[in-house]
Amino acid sequence: MMSSPIFIVLEGIDGSGKTTAISKIGEYLESLGRKVMITMEPTKGAIGKLVAETDDLTPESEALLFTADRACHTKEISECLGAGYDVICDRYFASTLAYQSVSGLDRDWLYSINSKVIREPDVHILLDVDPEISLTRVGKRGEKVSRFEKLDYLRKVRDSYLGIAKAYGLTVLDASRNEGDVLMDIIGMIDRRI
Ligand code: TYD
């Protein structure tokens, strides 16, 4: 008999390989005959769009909007799991803890507002990579923000993520390796859950 649906979350800075890994995980689960839903945050819903499109938010309002978006998203995720779908999510509460704490907000406060609106992932992964590598992968050299400023910011986000992984039990995978090796580790974790 097929095991119960699982909730998988991938976290990491841009260029850590989340998107590619997620589509491969989806293909793998489907090859086992499972139903799969792939989703992401911020969502394409009204609150997700608002936070993605508004430039002049304060750190607090941004954190509250990402969290409000998540509250609606968690409901959808739970409905999908209830309908028998494995759910694979690109970013979840650890993104708010990582990015918004770098904007100066208190991590415990961020967790406390999030704790009311999340469900515990069954597989919760941080794809960890040096921003020097991730920036090269996403090819974002020569943007308006200088590469140096961006690197400095992303190093803070990476450190923040690593602290969060430790505190909230995310599995840290070295995502500087080739895609195939990273995927094998992820599939190993999933196989132990299904
Ligand atoms: P994403 O869509 O993954 O990146 P991009 O627009 O570069 O393709 O996420 C958008 C940005 O939002 C990303 O830089 C991370 C940030 N973010 C937060 O700061 N807090 C959050 O809670 C979430 C979900 C995303």
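The questions and answers below concern the core, one pocket and the cavity of a predicted model.

Residues are numbered from 1 along each chain as its sequence is written. In this predicted model local features need pLDDT of at least 70, side-chain atom pairs count only at pLDDT 80 or more, and totals for chains, interfaces and linings use all residues, while side-chain values use heavy atoms, without hydrogens and water.

Q: Which helix gives the largest share of the largest nonpolar core?
A: A nonpolar core is a set of buried (under 20% relative accessible area, 1.4 Å probe, protein chains only) Ala, Val, Leu, Ile, Met, Phe, Trp, Tyr and Cys residues joined through side-chain atoms within 4.5 Å. The largest has 52 residues, and I8, L10, I25, L127 and I186 have the most contacts inside it. Its largest share, 7 residues, comes from residues 147–168, helix α7.

Q: How much space lies in the second largest pocket?
A: A pocket is an open set of points on a 1 Å grid over the protein atoms alone, with protein on both sides within 12 Å along at least five of seven lines, and lining residues have an atom within 4 Å of a point. The second largest pocket is lined by 19 residues, with S16, G17, K18, T20 and A21 nearest its centre. The space in this pocket is about 320 Å³.

Q: Which element supplies the largest share of the lining of the largest cavity?
A: A cavity is a set of grid points where a 1.4 Å probe fits but cannot get out. The lining of the largest cavity consists of G12, I13, L126, L127, D128, V129, R158 and Y161. The largest share, 3 residues, comes from β4.

Conventions
Buried < 20%, exposed > 50% of the residue type's maximum accessible area, 1.4 Å probe, protein only. Helix = DSSP H or I, 4+ residues; strand = E, 2+ residues; numbered from the N terminus. Points joined across faces, edges and corners; volume = space filled by probe spheres on them.
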